[in-house]
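Welcome, and please open the model in your viewer. We will move from one selection to the next and see what is there.

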Amino acid sequence: MKIKSSFYAVLLAMSSCMAASPVLAEAECGSTIDILRQISKFDETSHEQVILNDIIWVMWVNPKTGSWTLTATEATVTCAFLWGKSFDGQKIKDLVLSPAL
C-alpha cells in the first residue's frame with residue numbers, strides 16, 4: 001500500500017515543531033512491528049485511538065509507571081512522535097491539534 005502524501009505532511013509539520021518545544025522529541029519512524037516492539041519494552045498498552053485524515057493515532061500508556069507514547073500509523077509505517085514519563089490524561093486530539101504544534 002502506498003503511503004499518502006498527507007502522512008508525510010503531518011510528519012514534516014510535527015518534526016519541524018519538535019525542536020522548538022521541550023515536550024516534543026524527535027520522531028522515530030519505522031515499520032509498525034519495530035515501533036511496537038520498542039513500545040512493548042515500557043509495558044505500555046493502547047489507551048486511546050483516533051483516526052484523523054486516514055492516519056491512526058494511538059496513545060500508549062503504562063498506568064503503573066506513568067510512561068506514555070503517542071504514535072501515528074499509515075499502512076505499515078508508524079512514527080512515535082511524543083513520549084513522556086508522567087501521563088496525566090492527555091488526549092490525542094489535544095496533542096495533535098494543539099496550536100503549539
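Two strands count as paired if DSSP finds at least two bridges between them. Helices (H or I, at least four residues) and strands (E, at least two) are DSSP runs, numbered from the N terminus. This is a predicted model: local features need pLDDT of at least 70, side-chain atom pairs count only at pLDDT 80 or more, and totals for chains, interfaces and linings use all residues. Residues are numbered from 1 along each chain as its sequence is written, and side-chain values use heavy atoms, with hydrogens and water left out.

**The whole chain**

Start with a cartoon of everything. You should find 3 helices and 5 strands, arranged along the sequence as α-β-α-β-β-β-β-α. Switch on the surface next: the chain exposes about 6200 Å², and carbon and sulfur atoms supply 59% of that area. These areas come from the Shrake-Rupley method with a 1.4 Å probe, and for residues only the protein chains shown count as cover. Of the 101 residues in the chain, 38% are buried; buried means under 20% relative accessible area, exposed over 50%, and partly exposed in between (1.4 Å probe, protein chains only).

**The sheet**

Now select the strands. They form an open sheet of 5 strands in the order β1-β5-β4-β3-β2, with antiparallel pairing. At the edges stand β1 and β2 (45-52), each with a single partner strand, so one side of each has no neighbour in the sheet. Look along the sheet and you can follow the twist, which averages 25° from one strand to the next.

**Hairpin by hairpin**

Zoom in on β2 and β3, which run antiparallel and are joined by 7 bridges. To find the register, select Thr45, which stands opposite Val61 in β3. The two strands form a hairpin with 2 residues between them, and Asn53 in the turn has a positive phi of about 55°. Asp54 also belongs to the loop between β2 and β3. Its phi is near 65°, a positive value in a residue other than glycine. As background, most residues other than glycine have a negative phi.

Colour β3 by accessibility next: 6 of its 7 residues are buried, so this strand is mostly covered. β3 pairs with β4 in the antiparallel sense over 6 bridges, and Ile56 stands opposite Thr73 in β4. This hairpin has 6 residues between its strands, with Gly66 in the turn at a positive phi of about 85°.

Keep Thr73 selected and turn to its partner on the other side: Thr73 also stands opposite Thr78 in β5. Here β4 (residues 68-74) and β5 run antiparallel, joined by 7 bridges. In the loop between β4 and β5 you will find Ala75. Ala75 has a positive phi of about 60° although it is not a glycine, and it is partly exposed, with a relative accessible area of 32%.

**The disulfide**

Show the cysteine side chains. Which residue does Cys29 join in a disulfide? The partner is Cys79, with an S to S distance of 2.0 Å. The rule here asks for a pair of cysteine sulfur atoms within 2.5 Å, and by it the count comes to 1 disulfide. Cys29 lies in strand β1 (residues 28-31) and Cys79 in strand β5 (residues 77-84), so the pair ties together parts that are 50 residues apart in sequence. Check the torsion about the S-S bond too: at about 110°, it makes the disulfide right-handed. Are the two ends buried or partly exposed? Cys29 is partly exposed, with a relative accessible area of 44%, whereas Cys79 is buried, at 0%.

**The helix across the sheet**

Select helix α2 (residues 32-40). This helix lies across β1, β3 (55-61), β4 and β5, running at about 120° to β1. Axes are lines fitted to C-alpha atoms, for helices over the stretch in contact (heavy atoms within 4.5 Å). The angles run from 0 to 180 degrees between N-to-C directions.

Finish with the side chains of Asp34 and Arg37, which form a salt bridge with the closest N and O atoms 3.1 Å apart. The term means a side-chain nitrogen of Lys or Arg within 4 Å of a carboxyl oxygen of Asp or Glu, and the structure holds 1 of them. Both residues lie in helix α2, 3 residues apart, about one turn of the helix. Asp34 is partly exposed at 39% relative accessibility, while Arg37 is exposed at 52%.
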